[in-house]
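Thanks for coming, everyone. Please take a moment with the sequence and the model on the screen, and then I will walk you through a few places in it.

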Amino acid sequence: LYLPIRVEHAGAQVATDLATLYIMDRKGRIVWYYADPASNATSSFQRIARDGEYIWIEKRPFGGRGTRSVLKMTLDWKYSQDVKVAGLSDCIDVTDEGTLLFDTTPDYLLKEMLPNGMLRTIWNCRQHFGMNFQCYSNTVNWNPINDTVLLSFPEENTVIEIDRKSGMVVGQYGDAMGSYAFMPSTLGFEFQHFANITKDGTLLVSSHMPGNSPTERAVAGQHAFMEFTIDRPNRRLVEKWVYREGQEWAMYKGMAIRLANGNTLANYGTGGVIREITPDKQTVFHVKFDAAAGNDFFNKMVGNNVLIDDLYALNGGPKK
């Protein structure tokens with residue numbers, strides 16, 4: 001079962017006044033959904049609790065005004081808690097202990113909220129990169145292997161990895177000065193999204209191919225899902241696997257995660273397509289959310305998605 005967010009999308013303009021969280025089966029049938037049109041909230045980064053027994057949904061006001069919060073809920077609604085998160089920018093993630101990780105606007109801080117509600121600042125983008133750096137991040141991903149957090153700065157073609165406890169930078173990848181080099185050097189990030197660390201310790205990211213940074217210019221075969229071995233002693237990202245056979249284009253969003261079976265679950269964001277891709281680059285699951293007739297590069301936008309092993313476990317609720 002897949003748990004994505006779908007947002008209405010028209011042409012090259014994203015109209016995020018209707019965000020629906022839904023679960024669909026392998027045949028593409030919707031078996032559960034959630035929407036809250038009365039709140040005018042934008043949501044696209046839902047998370048499954050690490051114990052697998054409830055979900056987290058970030059809720060940001062469309063247009064920037066209003067209350068920012070994170071909804072914790074079970075599928076049957078027997079547990080539901082709306083947690084206010086002042087300054088919530090875009091993305092969230094959660095740790096094994098139920099700690100909420102998020103970034104803020106307009107001060108561009110990476111923060112964590114403990115289960116008891118206490119807040120702590122982990123890292124400051126302005127202090128690290130300076131005032132001229134575009135500090136908006138489209139990703140907050142926790143790496144449980146090393147207890148690090150990844151942020152992705154699309155306007156700067158840069159990803160950063162931060163130690164959650166100390167706030168120290170343990171890796172920087174992309175265009176910004178001081179970043180790791182790419183091997184081969186012909187690779188690189190262009191308006192990348194959803195950088196994450198796989199269980200094997202590799203870096204997986206959704207990105208335009210180099211030379212295709214203008215996000216509105218859709219180019220078939222020029223959006224890729226890239227995997228790199230992180231050579232930390234030599235400060236290099238070494239190509240391991242790159243999939244660019246799909247003809248879809250992710251103007252915004254787009255993501256890829258590695259599944260337990262070795263396949264990659266990927267989507268093209270504004271392209272409106274989800275694929276499950278084998279290591280030898282075969283598509284074994286494909287679903288497309290068509291928009292009205294027009295430019296087929298832009299369909300109904302897909303946000304974050306994840307594979308669910310046990311649907312009924314999502315009625316457990318937080319551990320006491």
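Let me begin with E58, which is buried because its relative accessible area is 0%; by buried I mean under 20% relative accessible area, while exposed means over 50% and partly exposed lies in between, all with a 1.4 Å probe and protein chains only. R60 is buried as well, with a relative accessible area of 10%, and E58 forms a salt bridge with R60 in which the closest N and O atoms are 2.9 Å apart. A salt bridge here is a side-chain nitrogen of Lys or Arg within 4 Å of a carboxyl oxygen of Asp or Glu, and a search of the whole structure finds 18 salt bridges.

Before I go on, please keep in mind that this is a predicted model, in which local features need pLDDT of at least 70 and side-chain atom pairs count only at pLDDT 80 or more, whereas totals for chains, interfaces and linings use all residues. Residues are numbered from 1 along each chain as its sequence is written, and side-chain values use heavy atoms, with hydrogens and water left out.

Now to a second group of charged residues. E112 forms a salt bridge with R164, with the closest N and O atoms 2.9 Å apart, and this pair links distant parts of the chain, since E112 is in strand 11 and R164 is in the loop between strand 15 (158-163) and strand 16, 52 residues apart. When I name a strand or a helix, I mean a DSSP run, numbered from the N terminus, with at least four residues of H or I for a helix and at least two of E for a strand. E112 and R164 are both buried.

What else does R164 meet in a salt bridge? The side chain of D147 does so, at 2.6 Å from N to O, and because D147 lies in the loop between strand 13 and strand 14 while R164 lies in the loop between strand 15 and strand 16, the pair ties together parts that are 17 residues apart in sequence. Salt bridges that share partners join E112, R120, D147 and R164 into one network, and D147, like R164, is buried.

Those loops and strands bring us to the sheets. Strands 9-10-11-12, in that order, form an open sheet of four strands with antiparallel pairing, where two strands pair if DSSP finds at least two bridges between them. At the edges, each pairing on one side only, are strand 9 (88-94) and strand 12 (119-124), and the twist averages 25° from one strand to the next; the axes behind such angles are lines fitted to C-alpha atoms, for helices over the stretch in contact, and the angles run from 0 to 180 degrees between N-to-C directions.

Within this sheet, strand 10 (residues 100-104) and strand 11 (residues 109-113) pair in the antiparallel sense over four bridges, and K111 in strand 11 is the bridge partner of F102. Strand 11 is also joined to strand 12 by five bridges, again antiparallel, with L110 standing opposite W123 in strand 12. The hairpin of these two strands has five residues between them, and G117 there takes a positive phi near 95°.

The other sheet I want to show has four strands in the order 13-14-15-16, also open and antiparallel, and its edge strands are strand 13 (140-143) and strand 16 (169-174). Strand 13 and strand 14 (residues 148-153) pair over four bridges, and N141 stands opposite L150 in strand 14.

Finally, which cysteines form a disulfide? C125 and C135 do, with their sulfur atoms 2.0 Å apart, a disulfide being a pair of cysteine sulfur atoms within 2.5 Å. C125 is in helix 1 (residues 125-129) and C135 is in the loop between helix 1 and strand 13, 10 residues apart. The link of C125 and C135 is left-handed, with -85° about the S-S bond, and both cysteines are buried. C91 is too far away for a bond, because its sulfur is 13 Å from the closest cysteine sulfur, which is in C125, and C91 itself counts as buried because its relative accessibility is 1%.
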